[in-house]
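Reader: Please show me how to read burial, salt bridges and a pocket, taking one feature at a time.

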Amino acid sequence: MSQLDDPSALDAAEAKAFATLPAHARERLVEMRGKEGQRRLFTSDLSVSEFLLVKEAGFDPVGLVVGSSIYHVGFQQAMWNQNQEMTVLTQAMYHARELAMTRMEEEAWALSADGIVGVRLEVNHKEWGHHIAEFVAIGTAVVHRDDPHRFKNKAGRPFTSDLSGQDFYVLLRSGYRPLGMVMGNCVYHVAQQGIGAFFRNMTRNVELEQYTQALYDSRELAMERMQQEAEKLGAAGIVGANIHERTHAWGANVIEFFAIGTAVEEISKEHIIEPPLLVLPLAD
């Protein structure tokens with residue numbers, strides 16, 4: 001009997017996380033976790049190179065973990081001539097992603113993983129309606145073979161990272177470790193030009209200051225919220241930060257900026273920086 005089969009072998013938090021997973025997910029995790037500490041088959045979306053570098057860094061993949069949320073994003077009215085954040089939509093998009101991330105982390109927790117690498121966070125719109133989308137988080141759960149508790153985050157939970165296997169290896173070699181993925185978003189209504197302004201600017205080279213300010217403000221809000229999450233984790237910085245811009249199904253004047261990256265902290269003062277190597281491809 002595996003630990004997952006025996007609820008008494010799990011601590012309260014682990015048992016609660018396991019109980020919230022779908023039945024087929026629980027069956028799959030039981031199979032991967034194995035019996036008496038002997039893990040069985042693992043699954044991974046790592047490439048061969050990533051897999052080998054993760055192993056070289058001292059981690060073993062234990063399974064592909066997934067979380068999803070199908071979410072109805074509500075409606076919010078905005079004045080056509082006013083720049084403003086659509087706070088209802090901002091909260092909806094953030095909450096849906098958070099649900100997907102949390103469920104992925106629960107699967108990793110059930111596998112006793114130390115972290116998740118190569119996380120992808122995707123939004124897929126469905127044909128069921130313009131305001132319905134599936135939010136999916138997927139990555140490879142890993143466990144450190146020598147010190148299984150050293151790399152968990154400050155809450156004792158598996159870390160998350162959207163770094164590739166190569167970047168994950170280089171980060172650890174350089175004396176840093178990931179604490180978790182951090183994100184911030186902002187859904188913003190960009191005011192439309194009036195008829196008078198349209199005709200005045202039609203033949204001129206001129207900055208559209210109203211548009212500039214709207215996009216500037218919304219990007220800054222997304223970045224600020226991502227940085228606040230990193231500060232709560234006690235991070236030294238954020239690596240691999242990226243800002244995604246999408247209109248989803250709201251129309252041309254409503255846009256979302258989504259900022260995401262991996263918060264890191266220093267674990268060693270000896271930063272080993274690998275010297276660059278010249279690589280010549282053999283193919284034409």
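Reader: Where should Glu 245 be placed on the scale from buried to exposed?
Author: This is a predicted model, and burial is read from relative accessible area, with buried meaning under 20% and exposed over 50%. Glu 245 has a relative accessibility of 46%, so it counts as partly exposed.

Reader: Which residue forms a salt bridge with Glu 245, and how far apart are the closest N and O atoms?
Author: A salt bridge is read from a nitrogen–oxygen distance, the limit being 4 Å. The partner of Glu 245 is Arg 219, with the closest N and O atoms 3.7 Å apart; the pair links helix H7, which holds Arg 219, to strand S7, which holds Glu 245, across 26 residues.

Reader: Which parts of the chain does the salt bridge between Lys 152 and Asp 114 tie together?
Author: The closest N and O atoms of Lys 152 and Asp 114 are 2.9 Å apart. Lys 152 lies in the loop between S4 and S5 and Asp 114 in the loop between H4 and S3, so the pair ties together parts 38 residues apart in sequence. Lys 152 is buried, at 13% relative accessible area, and Asp 114 is buried too, at 0%.

Reader: What lines the largest pocket?
Author: A pocket is read through its volume and then its lining. The largest pocket holds about 430 Å³ of space, and the closest to its centre among its 20 lining residues are Glu 105, Thr 160, Met 181, Glu 229 and Leu 233. The lining comprises 10 nonpolar, four polar and six charged residues.

Methods. Residues numbered from 1 in each chain as written. Predicted model: local features only at pLDDT ≥ 70, side-chain atom pairs only at ≥ 80, totals over all residues. Heavy atoms only, no water. 1 Å grid on protein atoms, 1.4 Å probe; cavity = no way out; pocket = protein on both sides within 12 Å on 5 of 7 lines; lining within 4 Å. Points joined across faces, edges and corners; volume = space filled by probe spheres on them. Nonpolar A, V, L, I, M, F, W, Y, C, P; charged D, E, K, R; others polar. Salt bridge = Lys/Arg side-chain N within 4 Å of Asp/Glu carboxyl O. Helix = DSSP H or I, 4+ residues; strand = E, 2+ residues; numbered from the N terminus. Buried < 20%, exposed > 50% of the residue type's maximum accessible area, 1.4 Å probe, protein only.
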